[in-house]
Amino acid sequence: AKSFWLMKCEPSAYTIERLAKDGTTGWEGVRNYQARNFMRDQMKVGDGVLFYASNADPSGVTGLATIVHEGYPDPFAFKKGHAYFDEASRKDAPTWYTVDVGYAETFPAIVSLETLKATPGLEEMMVTKKGSRLSIQPVTKAEFDIVCRLGRSRR
């Protein structure tokens, strides 16, 4: 069964426009165990992704992506000198994982966090909860569909 996710990224690091240009990218650098477990254990090829610009003005969903490669060890965890290097992570026992995401769609305008919080049907969405800082979050199909409808209707 297809699953759905919200993946956060700061615009200074990566944007939906850059993903549109690149086609696909690795979602490296996640250093939270719960988010790592989602990538390592649950994300599957074909899963839908809400691409969320965090710490933006405004923060919100900017478009859609798809999981195109399931979880594999984050190569930057092994690269000495890299910002994501982790000396405790070993190739034979990796600590950190990543997935590859592929571009699907850019929304005409951002679906802001404020809009998400005000939209019926999204009350239980993790991103709308106070204190929710997780960079990768599961989303229900109903929530995904509502956000897609909102995103495609914004002109």
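**Exercise 1. Strand pairing**

In this predicted model, strand 4 (residues 60-73) and strand 5 run antiparallel, joined by 10 bridges. Find which other strand is joined to strand 5 by 3 bridges, and name one bridge partner in each pairing.

*Solution.*
- Step 1. Start with the 10 bridges between strand 4 and strand 5. In this pairing, tyrosine 72 stands opposite threonine 98 of strand 5.
- Step 2. Now take the 3 bridges. They join strand 5 (residues 97-112) to strand 2 (residues 24-26). These two strands also run antiparallel.
- Step 3. Locate a partner for strand 2. Glycine 26 has aspartate 100 of strand 5 as its bridge partner.

**Exercise 2. A salt bridge within a helix**

Which residue's side chain meets that of arginine 18 in a salt bridge? Relate the pair to helix 1 and classify the exposure of both residues.

*Solution.*
- Step 1. The partner is aspartate 22, with an N to O distance of 3.7 Å. The cut-off is 4 Å, so the pair qualifies.
- Step 2. Both residues sit in helix 1 (residues 16-22), 4 residues apart. About one helical turn therefore separates them.
- Step 3. Arginine 18 has 41% relative accessibility. Aspartate 22 has 37%. Buried means under 20% and exposed means over 50%, so each counts as partly exposed.

**Exercise 3. Salt bridges across the chain**

How many salt bridges does the model hold by this rule? Describe the pairs formed by glutamate 70 and by glutamate 105.

*Solution.*
- Step 1. The count is 8 salt bridges.
- Step 2. Glutamate 70 meets lysine 44, at 3.9 Å from N to O. The pair links distant parts of the chain, 26 residues apart. Glutamate 70 lies in strand 4, and lysine 44 lies in the loop between helix 2 (33-42) and strand 3 (48-53).
- Step 3. Check exposure. Glutamate 70 is partly exposed at 32%, and lysine 44 is partly exposed at 36%.
- Step 4. Glutamate 105 pairs with arginine 152, with the closest N and O atoms 2.8 Å apart. This pair also links distant parts of the chain: glutamate 105 is in strand 5, arginine 152 is in helix 4 (residues 141-153), and their positions lie 47 residues apart in numbering.
- Step 5. Arginine 152 is partly exposed, at 42% relative accessible area.

**Exercise 4. Nonpolar cores**

Which residues of the largest nonpolar core touch the most other members? Trace the elements that contribute and the contacts of methionine 7.

*Solution.*
- Step 1. The largest core has 20 residues. Met7, Trp27, Met43, Val99, Val101 and Ile136 touch the most other members.
- Step 2. Strand 1 (4-9), helix 1, helix 2, strand 3, strand 4 and strand 5 each give two or more residues to this core.
- Step 3. Leave out residues up to four places away in sequence. Methionine 7 then touches residues including Trp27, Met43, Val99, Val101, Ser135 and Ile136.
- Step 4. A second core is separate. It has 18 residues, among them Phe4, Phe107, Val127 and Val139.

**Exercise 5. Threonine 128**

Is threonine 128 buried or exposed? Place it in the chain and list its surroundings.

*Solution.*
- Step 1. Threonine 128 lies in the loop between helix 3 (113-118) and strand 6 (136-139).
- Step 2. Its relative accessibility is 14%. That is under 20%, so threonine 128 counts as buried.
- Step 3. A polar atom of the threonine 128 side chain lies 3.4 Å from the backbone oxygen of leucine 122.
- Step 4. Without residues up to four places away in sequence, threonine 128 touches Leu113, Leu116, Lys117, Leu122 and Glu123.

Key:
Residues numbered from 1 in each chain as written. Predicted model: local features only at pLDDT ≥ 70, side-chain atom pairs only at ≥ 80, totals over all residues. Heavy atoms only, no water. Pairing = 2+ DSSP bridges. Buried < 20%, exposed > 50% of the residue type's maximum accessible area, 1.4 Å probe, protein only. Core = buried A, V, L, I, M, F, W, Y, C linked by side-chain atoms within 4.5 Å. Contact = heavy atoms within 4.5 Å. Polar contact = N/O pair within 3.5 Å; in protein donor to acceptor, adjacent residues only side chain to side chain.
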